[in-house]
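User: I have a few questions about how the labels on this model are justified. Please set each label against its criterion.

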Amino acid sequence: TEGNFLQKNITKDILLGGLLVPGFDQGSCLSRYQSVLYRKESPHLPSPHLLERLRKQEALQKKCGPGTQLYKKAIEQLKSGNSTQTLECNYLVVLSYSGLGNKMLTLASAFIYAILTNRVLLIDRGAHIADLFCEPFPNTTWLLPWDFPIDHFSSIYKDDPRSYGKMLKDKVIGNEVNGATNGSLPPYVYLHLSHDYGDFDKLFYCEDDQRLLQKIPWLLLRSNQYFVPSLFLIPAYEEELNRLFPEKETAFHHLGRYLFHPTNSVWGMIVRSYQAYLAKADEIVGIQVRVFERGKTPFQHVLDQILACSLEEKVLPNVSLHEPVVSGTDSKSKVVLVTSLDSAYFEKIRSMYWEHSTATGEVIGVYQPSHEGFEQTGKEMHEMKAWAEIYLLSLTDMLVSSSWSTFGYVARGLGGLKPWIVSFKTADQMTNPPCRRAMSMDPCFHFPPFLDCKAKSYVDQGALVPYLKHCEDSGGLKLV
Ligand code: GDP
């Protein structure tokens with residue numbers, strides 16, 4: 001039955017400008033070819049060069065993926081403990097880490113790094129990856145096989161003896177500059193690229209180190225960052241990245257829509273929410289409330305800040321406090337999709353539009369799919385809800401999102417949205433203006449290395465090239 005979906009919907013660009021390939025079994029991942037029914041067509045086309053590299057990567061993933069002879073050979077070398085012989089297939093293994101938004105940003109970054117370095121991308125299946133995402137590559141798997149010889153992932157951290165930064169520091173490995181004697185290289189190193197990385201870990205972003213890393217067949221990576229912006233600053237990758245993304249701010253937009261397809265269970269949640277609460281509205285507004293230090297951030301302050309932003313920017317209409325306006329049957333309707341771990345923001349906004357009419361006569365519905373209370377990364381249904389809500393936010397027409405939240409970054413990137421970003425003070429004082437419009441849809445790299453590789457010193461990369469700026473909501477870097 002679903003077999004004809006592609007044919008029936010030929011008027012819609014099901015393959016997203018060529019990002020996706022036909023030929024996947026449609027029933028096993030309905031979201032892959034049905035996203036066009038829910039998300040507006042993107043005005044941003046992927047570049048022909050990106051499409052070419054995606055096809056090349058798909059071929060590589062298949063040729064070298066788990067189960068193939070080439071994979072077995074690479075595993076043998078990994079077990080043997082040295083990398084004397086160069087192999088046809090090299091790998092990048094992403095270790096499971098952090099909340100869903102951070103994880104998706106890491107995966108997208110790792111994916112582009114894999115493309116740039118001709119590596120096969122594999123992911124540790126911890127934290128329910130397979131329950132959240134369909135396979136992105138045809139006729140192979142991106143899930144690391146259970147029998148992968150290194151199995152103590154959770155204990156691998158920045159001081160691991162196989163950590164690249166640690167090895168550089170201890171001079172057991174070295175690029176030509178740091179003077180270490182390079183005996184035989186190990187078959188794998190661990191790259192620690194999360195927010196708490198140290199100066200030696202940051203050398204990952206230097207060209208000499210990239211040259212050395214190219215000789216190592218297996219890279220294990222742990223991160224919780226969107227590190228694409230800093231890859232543009234590595235001369236060896238800059239030109240290629242410019243060709244891949246002539247429109248720089250669309251990097252995550254394309255990578256994310258290529259990689260992340262909700263599994264049928266998550267898709268069911270998305271579609272049910274959409275059909276029951278969102279589909280009939282003339283306009284969908286998303287409000288994403290993420291409060292990091294709940295103890296120190298008063299509820300009323302967050303609510304005031306969100307409402308001040310939404311009303312001032314005309315994302316939401318004012319209420320009429322004078323005479324009750326009765327809306328006609330043809331009045332416009334807006335639905336507000338609220339996502340938050342709490343339900344109180346939703347309840348306040350809903351009451352506001354029930355107790356009062358709007359000054360514009362618009363009819364406002366308010367909906368929040370879940371209120372999970374607190375972050376429960378690692379719990380299957382919790383992560384599925386988080387993914388469904390990120391996806392639903394990406395379907396909105398206008399978005400108000402919270403500063404620093406990668407949950408919101410993923411939503412805006414997938415949806416191609418430039419949200420209004422609200423930040424909350426821990427003291428009870430309003431920020432003025434209450435929010436800022438995002439300069440671009442791309443996510444923020446919160447902790448870039450700010451490293452001048454040649455001078456080995458600090459440099460502010462937010463002022464080096466026109467397409468990299470400091471984020472609206474942090475001192476990090478983003479593509480604009
Ligand atoms: P960040 O911490 O806001 O940058 O986003 P992450 O996604 O990395 O981590 C926060 C985690 O908390 C999410 O993955 C969810 O598990 C949970 N969470 C935070 N906000 C929400 C929300 O609005 N809805 C749901 N369902 N979960 C949320």
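User: Which residue of β4 is the bridge partner of V94?

Analyst: This is a predicted model. In it, V94 is bridged to L221 of β4.

User: What makes β1 and β4 count as a pair of strands?

Analyst: Two strands pair if at least two bridges are found between them. Between β1 (residues 90-94) and β4 (residues 218-222) there are 4 bridges, so the criterion of at least two is met. The two strands run parallel.

User: Where do β1 and β4 stand in their sheet, and what is the pairing?

Analyst: The order is β2-β1-β4-β3 in an open sheet of 4 strands, and the pairing is parallel.

User: Why are β2 and β3 called edge strands?

Analyst: β2 (119-123) and β3 (188-192) each have a single partner strand, so one side of each has no neighbour in the sheet. On average, neighbouring strands of this sheet are turned by 20° against each other, with direction ignored.

User: What is the order of the sheet with 6 strands, and which pairing does it have?

Analyst: That open sheet runs β9-β7-β5-β10-β11-β12, with mixed pairing. Its edges are β9 (363-367) and β12 (435-437): each has a single partner strand, so one side of each is left without a neighbour in the sheet. The average turn between neighbouring strands of this sheet is 20°, direction ignored.

User: How do you know that β5 and β10 are paired?

Analyst: The count is 3 bridges between β5 (residues 283-289) and β10 (residues 398-402). The requirement is at least two, so β5 and β10 qualify as a pair. They run parallel, and I287 stands opposite V400 in β10.

User: Which helix packs on the sheet at β5 and β10, and at what angle?

Analyst: Helix α16 (residues 406-415) touches both β5 and β10, and its direction makes about 160° with that of β10.

User: Which residues are closest to the ligand, and how many surround it?

Analyst: The ligand is surrounded by 20 residues, the closest being G99, L100, G101, S405 and T406. Two or more residues of this shell come from each of α5 (100-116), β7 (333-340), α15 (380-394) and α16. The most come from α15, with 4 residues.

User: How many residues of each class are in the shell around the ligand?

Analyst: There are 11 polar, 5 charged and 4 nonpolar residues in the shell.

User: Why is the ligand said to lie between domain 1 and domain 2?

Analyst: Residues of both domain 1 (38-259) and domain 2 (264-479) belong to the shell around the ligand, so the ligand lies between the two domains.

Methods: Residues are numbered from 1 along each chain as its sequence is written. This is a predicted model: local features need pLDDT of at least 70, side-chain atom pairs count only at pLDDT 80 or more; totals for chains, interfaces and linings use all residues. Axes are lines fitted to C-alpha atoms, for helices over the stretch in contact, and angles run from 0 to 180 degrees between N-to-C directions. Two residues are in contact if their C-beta atoms, placed from the backbone, lie within 7 Å. A residue is near a molecule or strand if its C-beta atom, placed from the backbone, lies within 6 Å of it. Ala, Val, Leu, Ile, Met, Phe, Trp, Tyr, Cys and Pro count as nonpolar, Asp, Glu, Lys and Arg as charged, and the others, Gly among them, as polar. Domain bounds come from an automatic or database domain assignment.
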